[in-house]
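Grab a viewer and work through a few exercises on the model below. Each one sets a task and then walks through a solution.

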Amino acid sequence: MLYPIQNEVRNRLDLSGIWDFKADPEGRGEDEGWFDGLEGARPIAVPGSWNEQYEDLFNYLGLAWYVRRAYVPAGWRGQRIFLRVGSANYQGTVYVNGERVGSHEGGHLPFAFEISRLVRWDAENTIAISVENELKPTRVPSGNMKSAIGAFASFPRTTFDFFPFAGLHRPVVLYSVPHVAIDDITVVTTIDRSEGVVKVTARLSEPATAGGSLTLSGGGTALRAELAFEDGVATAELRVPNARLWSDKDPYLYDLTVQTADDRYTLEVGIRTIAVEGGKILLNGKPVQLNGYGRHEDFIASGKGLNLPLMVKDYGLMRWTGANSYRTSHYPYSEEEMQLADREGFLIIDEIPAVSLQFDTEENIAERLRVSLQQIDELVARDKNHPSVVMWCVANEPMPRTLDLAGAGDSGGEDTGEAEGKAMLETLLARARELDPTRLVTIVTLMGGPQSWMEQCDVICMNRYWGWYVLGGELDKARASLEGELDQVWAKFGRPIIMTEFGADTMAGMHGHPSVMWTEEYQADFIRMHLEAAAAREFVAGMQVWNFADFAAVQSIMRVGGLNMKGVFTRTRQPKMAAHVLREFWARP
């Protein structure tokens, strides 16, 4: 999962650009050898979702093929060659020079296959990737379930409220490493008075016994330790005097380099700790508020494809409102996003794609558990060294079988799937803790969902829509219900609470006096009410508005023009009145 880099011993060749593309609704491609080239192909951009690049592909989620040809530089001879896909949503299969190399299920996380023996030197290599994003009940997230939830019934028939964009959403790269390469690095930081403690475990690609070194530099600091690999693993500790700690106010990064006789890898690290004490989240031992947004990787034409200019724009707009945090709702965001968050000092709740988990049959639950565990394993392996990532989220809005939105999470003895859900969710929380005991873990709970599902969370994360889905238009009553629930949950669990979603759909430019639902005034009043209620409660450790910007959703009577309009910015990033309210609360001097 190490991010491919270029230096004097490692190589990287980005294959992003225009690829050949062809839909394969009948599944004939493999039998007919489409991996060797596509007849009647049309151009498509990688990274990017195919749905918004061509009108006839808008609702197409079936099998499709990408093909391009590329030379492998002659200077890479003698090294191990890999092909790495940043994200193929939902399932991708890779072919090189006509041979099937491997497959990966689950979008939003990278995968790589060694292709050394397949490379043609001094000739073009044909690289093909087939991708499909069929909505199935056993997938995570699920789709085409037998039941539909009233007004939330949609087309395409998802269980989640965002568009199921398909395709190669992140860069496809060729990279090379030495034969005995640095395969993995784990960095854990702690603080001992004025010293920063950096513990590093490095693993080689083979169980070799070898020597190496570890260096840390930055801010006038230059530290070095020797590494002694036994069975391919080495550990070392560096103590940094008067360490400059990473935080949302000062996101300072050191350069950490692991070197062996054959290989060298450098990554940026931040020295920081994250913990919970009472109703507070502590960053480097001091209380911090996680104020910001739920977001989506979503934009016109690119869909969920990596869009670097948009990413920079969005970080600037978030900072303009005074935000310091966001959640990767509802799937892992790109590695480039995490790198920018490290640099800009954003505190990230990092989430797997387990949105709207259902607890129907034993077989389906077991399969979703398997996939979710795989996603946790891959996410932690990818993001464990980012100082910006302070919390793992293993599920968003898991769904009981029956739901009372205005309820208090008490099933009243009904068979709601509460026990099955609790068992699965606690298994996921335990896996995240086992893999990374240095960060907080949570699930994000649905309005009216079982409170027992919160019991093993370090932080109580609540999605609540008092004043929208319940008591819509009645903000005074909604405030009383919100405050009552916040106080009740704090009294029950005694842990910090983050409102990870609260919002109101708003048509940009629609105004009302008095304010009514869907107007900019109503959204502004709605958000002000929530922020005031939170400010009066010290145990509320963060407020994350739903949503940063309007985003593409599925078609339904709930979604005008196929958009979720709860953004405080429009899809084209123009501010609504609510954005100024957030700036008033969060960007105060």
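**Warm-up: the whole chain**

Of the contacts in the protein chain between residues at least 6 apart in sequence, 71% join residues at least 24 apart. Keep in mind that this is a predicted model.

**Exercise 1.** Work out how the radius of gyration of the protein chain compares with the globule rule for 589 residues.

*Solution.* Start with the inventory: the protein chain has 7 helices and 32 strands. Next, take the radius of gyration, which comes to 24 Å, close to the 25 Å from the globule rule for 589 residues, so the chain is as compact as a globular protein of that length. For the extents, the C-alpha trace spans about 70 × 65 × 45 Å along its principal axes. Finally, count burial: 59% of the 589 residues are buried.

**Exercise 2.** Decide whether helix H2 (residues 335–344) is largely enclosed by the rest of the structure or not, and find what covers its buried residues.

*Solution.* Step one is to list the buried residues of H2: Glu-335, Glu-336, Glu-337, Met-338, Leu-340, Ala-341 and Asp-342. Step two is to set that against the helix length: 7 of the 10 residues are buried, so H2 is largely enclosed by the rest of the structure. Step three is to look for the cover, which includes helix H1 (308–320) and helix H3 (362–383), along with strands S5 (80–85), S24 (325–327), S25 (347–351) and S26 (389–396). Last, step off the end of the helix: Gly-345 follows H2 and has a positive phi, near 80 degrees.

**Exercise 3.** Describe how helix H6 (residues 520–535) packs against helix H7 (residues 577–586).

*Solution.* Two numbers do the job here, since a pair of packed helices is described by the angle between the axes and the distance between them. For H6 and H7 the angle is about 25 degrees and the axes are 8 Å apart. Angles under 35 degrees count as roughly parallel, so H6 is roughly parallel to H7. The handedness of the H6 and H7 crossing is right-handed. Now pick out the contact: H6 supplies Glu-520, Glu-521, Gln-523, Ala-524, Ile-527, Arg-528, Leu-531 and Glu-532, while H7 supplies Met-577, Ala-578, Val-581, Leu-582, Glu-584, Phe-585 and Trp-586. Sort the residues of this contact by type and you get 9 nonpolar, 1 polar and 5 charged.

**Exercise 4.** Track down which residues a cis peptide bond joins, and where they sit.

*Solution.* Scan omega along the backbone. One cis peptide bond joins Ser-329 and His-330, with omega about -5 degrees. His-330 lies in the loop between S24 and H2. Another cis bond joins His-513 and Pro-514, with omega about 5 degrees. Pro-514 lies in the loop between strand S29 (497–501) and H6.

**Exercise 5.** Asp-122 and Ser-356 each have a positive phi without being glycine. Is each one buried or exposed?

*Solution.* Take Asp-122 to begin with: phi is near 65 degrees, and the residue sits in the loop between strand S9 (111–114) and strand S10 (125–132). The relative accessible area of Asp-122 is 61%; exposed means over 50%, so Asp-122 is exposed. Now Ser-356: phi is near 55 degrees, and its place is the loop between S25 and H3. Relative accessibility for Ser-356 is 6%; the cut-off for buried is under 20%, so Ser-356 counts as buried.

Key. Residues are numbered from 1 along each chain as its sequence is written. This is a predicted model: local features need pLDDT of at least 70, side-chain atom pairs count only at pLDDT 80 or more; totals for chains, interfaces and linings use all residues. Side-chain values use heavy atoms; hydrogens and water are left out. Axes are lines fitted to C-alpha atoms, for helices over the stretch in contact, and angles run from 0 to 180 degrees between N-to-C directions. Helices (H or I, at least four residues) and strands (E, at least two) are DSSP runs, numbered from the N terminus. Angles under 35 degrees count as roughly parallel, over 145 as roughly antiparallel, 65 to 115 as roughly perpendicular and the rest as oblique. A crossing is left-handed if the near helix is turned anticlockwise from the far one by less than a right angle, and right-handed if clockwise. Contact means heavy atoms within 4.5 Å. Ala, Val, Leu, Ile, Met, Phe, Trp, Tyr, Cys and Pro count as nonpolar, Asp, Glu, Lys and Arg as charged, and the others, Gly among them, as polar. Buried means under 20% relative accessible area, exposed over 50%, partly exposed in between (1.4 Å probe, protein chains only). The radius of gyration is taken over C-alpha atoms; the globule rule is 2.2 Å times the number of residues to the power 0.38.
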